[in-house]
Amino acid sequence: MLALLASPDAWISLLTLTVLEIVLGIDNIIFLSLAANKLPPPRRPTARRIGLSLALVMRIIFLSSVAWIISLSHPVITLWGIGLSWKDLVFFAGGLFLLTKSTREIHGMVEGEEHGGGGQGATMLSVIVQIALFDIVFSIDSVVTAVGMAEHLAVMIAAVVLAMIVMMVASGAVADFVERHPTVKMLALSFLLLIGTSLVADAAHFHIPRGYLYFAVAFSGLVEILNQRVAGHKKKT
């Protein structure tokens, strides 16, 4: 352990992996915020803390079972000439879950069927279950990334813990901002649709680089910021 602490490579690996885990956790924060905002305001921080704590526990458990995670990539069934592994099946199910959840949320916003922000349409248990299902999918994704980026289990776990601390601090502000701006919420739901589509594509062995998805979201976010500034300027005049 002392040799690891004195190794510059270990520190560089820790920093790089932490930043990468934070970037990859953006979709986690967005989903967490949307799910928790279905609850009454006083219960939302608790739901976010439980959700992120579940994500942290799952990632550490999976990291401690690297060999098992790697074995999930071995094909177990063949459909239409494509060998599907347990990881592919989990990604496919997770993608369908995201597509269904996002579509229903968008339908609720457009048709005016949301529950008025009071959180009466969800219970703490239902929100935690949704977050747990989502975390299972992205814990696998996060662990595969960590294994590819670092050689030492201690570095992987430290990076995941640091990333989760940052996410816990940021999740409240992100959730409040999304709740105050319906157009931002629509963008967030559209982002989850993209992630769901990419998961289904990954399951079919058609990989869509995440960089393309993040660029699309960042560009859309920039356009939305400009729209917000123009709208604010019009209100002042």
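Leaving aside neighbours within four places in sequence, which residues is Ile-128 in contact with? The first close-up gives the reply, and the remaining views cover other parts of this predicted model.

**View 1. Surroundings of Ile-128 in helix 7.** With neighbours up to four places away in sequence left aside, Ile-128 is in contact with Ala-47, Ile-50 and Leu-54. For one of these, Ile-50, the separation from Ile-128 is 78 residues along the sequence, while the C-alpha atoms are 7.4 Å apart in space. Ile-128 counts as buried because its relative accessibility is 15%, below the 20% limit for that class.

**View 2. The protein chain as a whole, for orientation.** The predicted model has ten helices and two strands in its protein chain. Along the sequence the order of these elements is α-α-α-α-α-β-β-α-α-α-α-α. Of the 237 residues in the protein chain, 42% are buried. Among contacts with a separation of 6 or more, 81% join residues that are 24 or more positions apart.

**View 3. The largest nonpolar core, with 43 residues.** The residues with the most contacts inside this core are Phe-31, Leu-34, Leu-98, Phe-138, Met-164, Ile-195 and Leu-199. Two or more residues each come from helix 2 (8-24), helix 3 (26-36), helix 4 (44-63), helix 6 (86-111), helix 7 (124-149), helix 8, helix 9 (182-203) and helix 10. Helix 9 contributes the most, with eight residues.

**View 4. Contacts of Leu-98.** Which residues touch Leu-98 when its neighbours within four places in sequence are left aside? They are Phe-31, Phe-134, Phe-138, Leu-192, Ile-195, Gly-196 and Leu-199. Leu-98 is itself one of the residues with the most contacts inside the largest nonpolar core.

**View 5. Ser-102 in helix 6.** The relative accessibility of Ser-102 is 1%, so this residue counts as buried. Not counting residues up to four places away in sequence, Ser-102 touches Leu-189, Leu-192 and Leu-193.

**View 6. Helix 3, a mostly covered element.** Ten of the eleven residues of helix 3 are buried. The buried residues are Asp-27, Asn-28, Ile-29, Ile-30, Phe-31, Leu-32, Ser-33, Leu-34, Ala-35 and Ala-36. Two of these names, Phe-31 and Leu-34, also appear among the residues with the most contacts inside the largest nonpolar core.

**View 7. Ala-175 in helix 8 (residues 153-180).** Is Ala-175 buried or exposed? Ala-175 counts as buried because its relative accessibility is 0%. Outside the residues up to four places away in sequence, Ala-175 touches Ser-33, Asn-37 and Arg-48. Ser-33 is one of the buried residues of helix 3. Arg-48 is 127 residues from Ala-175 along the chain, and their C-alpha atoms are separated by 9.3 Å.

**View 8. Packing of helix 8 and helix 9.** Two packed helices are described by the angle between their axes and the distance between the axes. For helix 8 and helix 9 the angle is about 115° and the axes are 5 Å apart. The two helices are therefore roughly perpendicular to each other. At this meeting point, Phe-177, Val-178 and Arg-180 in helix 8 meet Pro-182, Val-184 and Lys-185 in helix 9.

**View 9. The hairpin of strand 1 and strand 2.** Strand 1 (residues 75-79) and strand 2 (residues 82-85) run antiparallel and are joined by four bridges. Thr-78 stands opposite Gly-83, which is in strand 2. Two residues lie between the strands, and Trp-80 in the turn has a positive phi of about 50°.

**View 10. The aromatic pair in helix 10.** The structure holds one aromatic pair. Its members are Phe-215 and Phe-219, which are stacked at 6.3 Å centre to centre, with 25° between the planes. Both residues lie in helix 10 (residues 210-236), four residues apart, about one turn of the helix. Phe-215 counts as exposed because its relative accessibility is 59%. Phe-219, at 48% relative accessibility, counts as partly exposed.

Notes: Residues numbered from 1 in each chain as written. Predicted model: local features only at pLDDT ≥ 70, side-chain atom pairs only at ≥ 80, totals over all residues. Heavy atoms only, no water. Buried < 20%, exposed > 50% of the residue type's maximum accessible area, 1.4 Å probe, protein only. Contact = heavy atoms within 4.5 Å. Phe/Tyr/Trp six-rings, centres within 6.5 Å; stacked < 30°, edge-to-face > 60°. Core = buried A, V, L, I, M, F, W, Y, C linked by side-chain atoms within 4.5 Å. Pairing = 2+ DSSP bridges. Axes fitted to C-alpha atoms, helices over the stretch in contact; angles between N-to-C directions. Parallel < 35°, antiparallel > 145°, perpendicular 65-115°, else oblique.
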